[in-house]
Amino acid sequence: MCGIVGYVGRSQAAPILLDGLRRLEYRGYDSAGVAIINGDQVETRKCAGRIASLAKLISQKPATGSYGISHTRWATHGKVTDENAHPHFDATGKIALVHNGVIENYQTLKEQLIQDGDTNFQSDTDTEVLAHLIGNIYQKLNPPSPKGSDVAGGKDSKARLVNATRAALKQVIGTYGIAVVHADIPDFIVGARRGSPLVLGVGKDENFLASDVSAIVAHTRDVVYLNDFDLVSLDRENFEISSIEGTSGEHPVSKVEFTAEDIKKGDYPHYMLKEICEQPDTVRDAMRGRLTYEECTAKLGGLDMNPAELRDIARIVLIGCGTALHAARVGEYLIEQLANIPVDVDFASEYRHRNTPPTEHTLVFAISQSGETADTLGGLRESKRKGYRTLGICNNVASTIARESDGGVYMHAGPEIGVAATKSFTSQLIILNLIGLLLGRMRQLSTAQGKRMIDALEALPNQIEAALKLSDQIKSIAKKYVEATGMLFFGRQFNYPIALEGALKLKEITYLFAEGHPSAELKHGIIALVRPDLPSIFIAPDDAVFSKNVNNIEQVKARKGPIIAVTSGNGAKQLKNLAADIVEVPTTIDCLSPVLTVIPLQLLAYHLAVALGRDVDKPRNLAKSVTVE
Ligand code: G6P
């Protein structure tokens, strides 16, 4: 939610900042802006609209300078206007600030500033209040002596900006990842984070700040992941990190796992399609090195739990948002079936405010591709506070959830740029299956059952390849239903969450009305919606509940609702006279079938969105990483 990039070095800042913003556009794309310092002038370019509009503005009126800050916005406070686009400035216009997060007490702070005579606000944003607060404190701190060695812009001025930022942040209630520059302090940026991610990129004669490594990986793979309450100051050669309270700590430099190549679209027209097609590899990567044939189980060292602890688990809670929640819902069915452990699933946003009765030996898994989703993080923190062991299932290495949990399992899916999650979902499903296998083998699963599951897992990448070959068939189904005003999705057991996920994908990127339901719920109300121009999609693989699904398909057919069936095995034969379109995926064991049945639904949403001319990778109003509540 909002992305920031800062650069200080010897190159021109504008192209580096613009390129970084393009990589962060998945975080929000309402408006964008840069502040680049040229001599003692701040060159500001900002506008409502996408990065392309900002790039056009800069090409019409270039901004020169070798250090600056930039922002792409997902509006929280204030409408999407040029004025509300970041950067924002203090009252003197010398201090520029970009911000990702929410200043909850901005009204109180604004009133205090107004009482102090500071009335020159240009926008409706919470961010501008923080810029003014930093400026207000900066003015009050001792100015450097004009005659001494610390002329304006020297060491004292740098310390003054750091101290003003620190003092202002101490008054803030809320979340922030910020970058600050002062027109009179050359080659110097101050950054800080609390609740919003921020990473420092360490280059040669240049340093970077960004919300996410993808913005800077083309320039450096050496990074420092900042922690909450870290405050960093950087110039071309050096950086210094302390806490908002002024204390110092350990900040190792890490190597980024992926390269700039990995975040390119290649020959694909959209990131979403690229990511759908990557799933044979990402599924393989999610299980790589984690299966053992000798013991017929999974090895998940990241859980950091010994066999006795694993055997003692009495309850599991799975939380997440959006697509990650749907993976959790599949996890509920499969962990209960494989390991016979009670599982509760909840929206992270609900769970964190609920008063759930405490239970012994409970594990809480927070599932999140980004590892930064505010609600999921909130749920994780609440669980920790209650003393539960918390574990993360994340894709982004060193993300906040990954770092704050007691252990976890990484997805290793590589960067996911398309706003609608695809490959991260199937990676989450694999990891949940590995957890089910591991815990099952500590309990009721026999060696033979464990082996059968490993065989099925290992067959999946090739089966996904086969499912991807359905793309042309699905494209023609999408064309056939391009006039439809919505779609209904139905599934049972392991595939009920896939009905939810299919509907979510469709809503997210086509903007059509879509609902997912358990097939049997049809007769309890939803059947009233069935009509000849509203397709129903049944996810009905040839599994333990296939015949039950057939009953529900009959009920829709009897009311002249068009049916698209996603099936497997002998399903196609039986559905021949019921479904208008039959999509056949390969057969696997029941608990793994969602990994295959979801592929045609991802493709259906994709092809329909393309046919409708939607912006597939950046659907309206959405952002990939939702770091506000
Ligand atoms: C946003 C995205 C969804 C995603 C959800 C959870 O709403 O648009 O695609 O599923 O956040 O994201 P997470 O990073 O926590 O998995």
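A residue counts as exposed when its relative accessible area is over 50%, and as buried when that figure is under 20%; in between, the word is partly exposed. Keep those cut-offs handy, since several stops on this tour use them. One more thing before you start clicking: the model on your screen is a predicted one.

**Stop 1: the whole chain**

Show everything as a cartoon first. You should be able to pick out 19 helices and 26 strands in the protein chain. The radius of gyration is 26 Å, close to the 25 Å that the globule rule gives for 629 residues, so the chain is as compact as a globular protein of that length. Turn it around and look along its principal axes: the C-alpha trace spans about 90 × 55 × 45 Å.

Now switch on a surface. About 23900 Å² of the protein chain is exposed, with carbon and sulfur atoms supplying 48% of that area. As for what sits inside, 61% of the 629 residues count as buried. Colour the charged side chains if you like: there are 68 positive and 74 negative ones, and the centres of the two sets lie 3 Å apart. And if you draw contacts between residues at least 6 apart in sequence, 72% of them join residues at least 24 apart.

**Stop 2: residues 31-48, then 67-73**

Select residues 31-38, which make up strand β2. Is this strand enclosed or open? Seven of its eight residues are buried, so β2 is largely enclosed by the rest of the structure.

Add residues 41-48 and you have strand β3, which pairs with β2 in the antiparallel sense over eight bridges. Zoom in on Gly33 and find its bridge partner in β3, Lys46. The two strands form a hairpin with two residues between them, and Gly39 in that hairpin takes a positive phi near 65 degrees.

β2 has another partner to show you. Select residues 67-73 to see strand β4, antiparallel to β2 and joined to it by six bridges. Here the pair to click on is Val34 in β2 and Ser70, which stands opposite in β4.

**Stop 3: a cis bond at Pro87**

Move along to the loop between β4 and β5 (88-89), where you will find Pro87. Show the backbone atoms and check the peptide bond from His86 to Pro87: this bond is cis, with omega near 0 degrees.

**Stop 4: Val224 and its surroundings**

Next, select Val224 in strand β11 (residues 222-225). With a relative accessible area of 1%, Val224 is buried. Which residues does it touch, apart from neighbours within four places in sequence? Among them are Leu198, Val199, Leu200 and Val202, along with Phe239, Ile241 and His251. For a longer jump along the chain, add Ala398: this residue is 174 residues away from Val224 in sequence, yet the C-alpha atoms are 9.8 Å apart in space.

Stay in this part of the sequence and select residues 230-243. Strand β12 (residues 230-234) and strand β13 (residues 239-243) pair in the antiparallel sense over five bridges. Four residues form the hairpin connection from β12 to β13. Click on Leu231 and you will see Ser242 opposite, in β13.

**Stop 5: two aspartates with positive phi**

Asp205 comes next, in the loop between β9 (199-202) and β10 (207-210). Its phi is positive, about 60 degrees, although Asp205 is not a glycine. Asp205 is partly exposed, at 33% relative accessible area.

Then jump to Asp304, in the loop between β16 (297-298) and α8 (307-312). Phi is positive for Asp304 too, near 55 degrees. Buried or exposed? Asp304 is exposed, with a relative accessible area of 57%.

**Stop 6: two histidines to finish**

Find His412 in the loop between β21 (407-410) and α13 (423-441). His412 counts as partly exposed, at 33% relative accessibility. Not counting residues up to four places away in sequence, His412 touches Glu257, Asp285, Arg290 and Asn395. Now measure out to Gln171, 241 residues away along the chain: the two C-alpha atoms are separated by 38 Å.

Last of all, select helix α19 (residues 593-611) and pick out His607. His607 is buried, with a relative accessible area of 9%. Setting aside neighbours within four places in sequence, show its contacts: Ser471, Ile474, Lys475 and Ala478.

Methods: Residues numbered from 1 in each chain as written. Predicted model: local features only at pLDDT ≥ 70, side-chain atom pairs only at ≥ 80, totals over all residues. Heavy atoms only, no water. Rg over C-alpha atoms; globule rule 2.2 N^0.38 Å. Buried < 20%, exposed > 50% of the residue type's maximum accessible area, 1.4 Å probe, protein only. Contact = heavy atoms within 4.5 Å. Areas by Shrake-Rupley, 256 points an atom, 1.4 Å probe, with all protein chains shown as cover. Lys, Arg positive; Asp, Glu negative; His and termini not counted. Charge placed at Lys NZ, Arg CZ, Asp CG, Glu CD. Pairing = 2+ DSSP bridges.
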